[in-house]
Amino acid sequence: MKLALLTLPLHSNYGGILQAYALQTVLERMGHKVVIVNLPIRKESRKIVFSTYLKRFVGKYFLFRQKPLRAWPTKNERNIINQFTNQFIKCNLAIIECKNISYLYDLTMKQKFDGYVVGSDQIWRLGYTPDIFTYFLDFLESVPLRKIAYAASFGIDNWELTEQQTLKCEKLIQKFHAISVREDSGVALCKKYLKSNATHVLDPTLLLRKEDYISLLPFKCKKISRPELMVYILDKNEFNKDIVAKIAKRRNLLINSVSAEAKFWNVGKAHLEKCIVPPLEKWIEGFIKADFVITDSFHGTVFAILFHKPFLSIINSTRGSTRFISLLKLLQLEDRIIKPSDKLDIQNIDCFIDYDKVETLLLKAKESSLHFLQCALMEN
């Protein structure tokens with residue numbers, strides 16, 4: 001079949017890019033032709049832009065705060081920030097750009113897709129999507145294509161949609177041939193609010209082996225003179241900095257932080273060079289070389305597991321803790337979670353993870369996830 005993948009817009013998010021790559025690869029290995037339909041990034045409303053500008057104007061000229069007046073980069077500035085991830089996407093993903101959501105139907109008819117797979121990532125989280133109904137395939141409501149949700153995620157375990165939105169999504173999801181979600185809580189949300197049965201499956205990145213990701217590197221990893229602490233922190237704060245410093249000292253590790261030095265939101269165009277996102281290949285290399293991993297990212301956690309590294313996952317409730325808890329519970333690694341309210345336990349730093357046991361659990365989940373996909377795509 002010729003399949004369209006619909007996920008969150010691809011830009012600088014390492015995990016978002018690699019989950020799309022992984023699902024594309026898995027489906028291609030099953031014998032399907034795959035195209036990823038890339039939607040535009042959601043623009044902030046004029047009300048939010050004006051409100052932010054006004055607050056920063058007051059802060060800069062009356063309260064002497066240092067944040068730039070303009071919080072969002074222009075298209076050209078965004079291309080500079082994402083230059084390396086854009087290149088990775090261009091080289092490794094089968095992308096069709098859809099400049100406007102309203103063109104999706106026409107694009108579908110022109111490309112003659114046999115079906116759509118929506119997922120993975122937080123496509124069903126209201127604040128994360130360009131348009132929530134698009135990810136329930138409203139533009140195909142009356143079109144008899146095969147419709148599948150693979151590892152769709154709500155991100156959180158509480159319901160965000162209004163009654164009217166819920167009723168519309170409930171109607172749309174009844175048109176799906178198969179529904180799967182990434183978190184165990186998502187199964188319950190689908191049952192309670194959408195009156196639909198969903199299967200709990202793995203994030204697509206866990207369907208590939210670490211060798212699949214190593215093969216993406218155009219270079220051999222350099223030998224390191226001193227063991228490294230791989231740090232992938234999305235939200236830098238004093239708690240996270242303290243955890244990193246303590247682990248680096250305890251294990252005598254050189255800190256290797258793979259992320260942009262600064263966010264445009266905080267520094268603006270005057271320091272655009274600090275906002276450039278490092279190459280995704282360097283991120284993968286970081287896991288290969290790491291002696292220990294510390295991250296507040298879901299996919300950072302996934303790759304620590306794939307590469308069999310000791311790790312700690314810092315929970316960030318605003319970004320969604322359900323994703324971490326569901327995966328680590330499945331693999332019996334809940335002790336790898338640390339919350340801002342926790343004190344760092346030395347045993348967690350010096351931990352031993354039985355990855356033979358983890359691999360056994362992961363293999364079972366992988367087999368059931370692949371079986372779901374194979375059955376969902378089986379032509380009647």
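**Briefing: salt bridges, sheet, pocket and surface patch**

D242 and K246 are 4 residues apart in helix α9 (residues 238–251), so about one helical turn separates them. Their side chains meet in a salt bridge, with an N to O distance of 3.1 Å. The model described here is a predicted one. The structure holds 12 salt bridges, and the points below describe several of them before turning to the sheet, a pocket and a surface patch.

**Salt bridges within a helix**

- In the pair from helix α9, D242 is partly exposed, with a relative accessible area of 34%.
- Its partner K246 also counts as partly exposed, at 42% relative accessibility.
- A salt bridge also joins E285 and K282, whose closest N and O atoms are 3.5 Å apart.
- E285 and K282 both belong to helix α11 (residues 280–289), where a spacing of 3 residues places them about one helical turn apart.
- E285 is buried, because its relative accessible area of 4% falls under the 20% limit for that class.
- K282, by contrast, is partly exposed, with a relative accessible area of 39%.

**A salt bridge between distant parts of the chain**

- The side chains of D291 and R251 meet in a salt bridge, at 3.2 Å from N to O.
- This pair links distant parts of the chain, since D291 lies in strand β10 (residues 290–295) and R251 in helix α9, with their positions 40 residues apart.
- D291 is partly exposed, having a relative accessible area of 29%.
- R251 likewise counts as partly exposed, with 25% relative accessibility.

**A salt-bridge network**

- Salt bridges also link R182, E183 and D203 in a network.

**The open sheet**

- An open sheet is formed by 7 strands with parallel pairing, and their order is β3-β2-β1-β4-β5-β6-β7.
- The edges are taken by β3 (95–97) and β7 (199–200); each has a single partner strand, so one side of each has no neighbour in the sheet.
- The partner of β3 is strand β2 (residues 33–38), and the two pair in the parallel sense over 3 bridges.
- Within this part of the sheet, I36 stands opposite I95 of β3.

**The second largest pocket**

- The volume of the second largest pocket is about 180 Å³.
- Two elements give two or more residues each to the lining of this pocket, namely α8 (210–214) and α15 (355–376).
- Helix α15 supplies the largest share of the lining, with 4 residues.
- The residues that line the pocket include L206, L208, R209, K210, E211, L306 and H308.
- Also among the lining residues are E359, L362, L363 and K366.

**A nonpolar surface patch**

- F50, Y53, L54, F57 and V58 form a nonpolar patch on the surface, and together they have about 470 Å² of accessible area.
- One of these residues, F57, lies in helix α2 (residues 46–61).
- F57 is partly exposed, with a relative accessible area of 33%, and this value meets the requirement of over 30% for membership of a patch.

How values were computed. Residues are numbered from 1 along each chain as its sequence is written. This is a predicted model: local features need pLDDT of at least 70, side-chain atom pairs count only at pLDDT 80 or more; totals for chains, interfaces and linings use all residues. Side-chain values use heavy atoms; hydrogens and water are left out. Patches are made of residues with over 30% relative accessible area and no salt bridge: like charges are joined within 9 Å, nonpolar side chains (Val, Leu, Ile, Met, Phe, Trp, Tyr) within 5 Å. Accessible areas come from the Shrake-Rupley method with a 1.4 Å probe; for residues, only the protein chains shown count as cover. A salt bridge is a side-chain nitrogen of Lys or Arg within 4 Å of a carboxyl oxygen of Asp or Glu. Buried means under 20% relative accessible area, exposed over 50%, partly exposed in between (1.4 Å probe, protein chains only). Two strands pair if DSSP finds at least two bridges between them. On a 1 Å grid over the protein atoms alone, a cavity is a set of points where a 1.4 Å probe fits but cannot get out, and a pocket is an open set with protein on both sides within 12 Å along at least five of seven lines; lining residues have an atom within 4 Å of a point. Grid points are joined across faces, edges and corners, and a volume is the space filled by probe spheres set on the points.
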